[in-house]
Amino acid sequence: MISLLLFYKILELLIIMGMGYGIVKSGILKADDSIVLSKVALYIVSPCIILYAFQVDFTDQVKAGLLYSSLLALGVHFLYLAINKIIHVTLGFNVVERMSIIYSNAGNLIIPIVVSILGPEWLIYSIAFMAVQIVFFWTHCKFQFCQNETFDWRSMLTNVNLVAIALGVLSLLLEIHYPKEINDILGSVGNMIGPVCMLVTGMIVGGMNFKAIIGRLAVYKVVFFRLVLMPALFLILFKSLGLASLVDHGQDILLITFLAIGTPSASTVVQFAQVYGGDAEYAGAINIMSLLLCIISMPIFVYLFSL
């Protein structure tokens, strides 16, 4: 049942991406116009969904589940960093390829999937993975794209996404609940994260020579790493270590983490490449190919996870 719901949700996002592709191909907008939407997603939509997700009662069950999901996310990302080092040294993958392998579309894709499949009360655990990944995005990933520049720690620490995480954690610990009207606004804007990022990807693809790029063998190597090798590695680890039994509802929380691992390459990598002068077209090609193929890979791995 979960695999089928997953299939339909991914298909829905693919259709939205097709709208972004169509609006560029029809001449209504240019591919470069997607930069505006990229910044809207990075600096408005993402912070809103973070703040919204932390608006839950801080019960003992939430405390244990949040700690569990956060430790899982940290462990996954530190292992990703080790994998990044290995593939850089042994395979010579460039920065776009490496970042596309180790960073997933956890926020843009998993948030609407978790809400649809498990319900909004489980959103906090997907945000735990997303929050950890955002920290790595704005530290490790950004540094990878800006290696020739002096790293601006003040800019990183004052980034609106990291500020949103800090405020969200503070509101959770102090049990601060925003007025319903404010919370509704945060939820409405935050729920745009999947559609906005899919529109951006579609617009980028609409402005590039996609046929030439998908002919590059490296695209399929990266997609294979992202959609097959990474999920298979963590499926074996999760099953062999028996992690699901550590907390109440551990299987569901572990499923959320596993869904985040199995998603396509991060749309944020495309946006970072676009904003910081990387190869955005190539990043977009990897993103779109992984998005197209995850409609097959994700339901299969979720089924294997449930066995």
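Here are four short exercises, each with a worked solution, on a predicted model.

**Exercise 1. Helix 15**

Task: Describe helix 15, from its N-terminal end to its bend, and work out why it is largely enclosed by the rest of the structure.

Solution:
- Start with the extent. Helix 15 covers residues 280-306, which is 27 residues. From first C-alpha to last, it reaches 36 Å, close to the 39 Å expected at 1.5 Å a residue.
- Go to the N-terminal end. Asp279 caps helix 15 there, with a side-chain oxygen 3.1 Å from the backbone nitrogen of Tyr282.
- Follow the helix along. At Cys294, helix 15 bends by about 50°.
- Now look at burial, where the cut-off is under 20% relative accessible area. Of the 27 residues in helix 15, 19 are buried, so the helix is largely enclosed by the rest of the structure.

**Exercise 2. A cavity and its lining**

Task: Find out which helices line the second largest cavity, and sort its lining by class.

Solution:
- Begin with the search of the whole structure, which finds two cavities of 30 Å³ or more. The second largest has a volume of about 50 Å³.
- List the lining: Leu227, Pro231, Phe258, Leu259, Gly262, Ser297, Met298, Phe301 and Val302.
- Assign the helices. Helix 12 (217-241), helix 13 (250-262) and helix 15 each supply at least two of the lining residues. Helix 15 gives the largest share, four residues.
- Sort by class. The lining of this cavity has seven nonpolar residues, two polar ones and no charged ones.

**Exercise 3. The kink in helix 2**

Task: Locate the kink in helix 2 and decide whether the residue at its centre is buried or exposed.

Solution:
- Set the limits first. Helix 2 runs over residues 34-53, 20 residues in total. Its reach from first C-alpha to last is 27 Å, close to the 28 Å expected at 1.5 Å a residue.
- Find the kink. It is about 40° and centred on Ala41.
- Check burial. Ala41 is among the buried residues of helix 2, as are Leu42, Val45 and Pro47.

**Exercise 4. Two positive phi values**

Task: Compare where Glu175 and His249 lie, and how accessible each one is.

Solution:
- Recall the background: most residues other than glycine have a negative phi.
- Take Glu175. Its phi is positive, about 55°, although it is not a glycine. Glu175 lies in the loop between helix 8 (160-173) and helix 9 (180-190), and counts as exposed because its relative accessibility is 52%.
- Take His249. Its phi is also positive, near 60°. His249 sits in the loop between helix 12 and helix 13, and its 41% relative accessibility makes it partly exposed.

Conventions. Residues are numbered from 1 along each chain as its sequence is written. This is a predicted model: local features need pLDDT of at least 70, side-chain atom pairs count only at pLDDT 80 or more; totals for chains, interfaces and linings use all residues. Side-chain values use heavy atoms; hydrogens and water are left out. The expected span of a helix is 1.5 Å times one less than its number of residues. The bend at a residue is the angle between axes fitted to the seven residues ending there and the seven starting there. Buried means under 20% relative accessible area, exposed over 50%, partly exposed in between (1.4 Å probe, protein chains only). A polar contact is a pair of N or O atoms within 3.5 Å; within protein, one must be able to donate a hydrogen and the other to accept it, and residues adjacent in sequence count only if both atoms are side-chain atoms. On a 1 Å grid over the protein atoms alone, a cavity is a set of points where a 1.4 Å probe fits but cannot get out, and a pocket is an open set with protein on both sides within 12 Å along at least five of seven lines; lining residues have an atom within 4 Å of a point. Grid points are joined across faces, edges and corners, and a volume is the space filled by probe spheres set on the points. Ala, Val, Leu, Ile, Met, Phe, Trp, Tyr, Cys and Pro count as nonpolar, Asp, Glu, Lys and Arg as charged, and the others, Gly among them, as polar.
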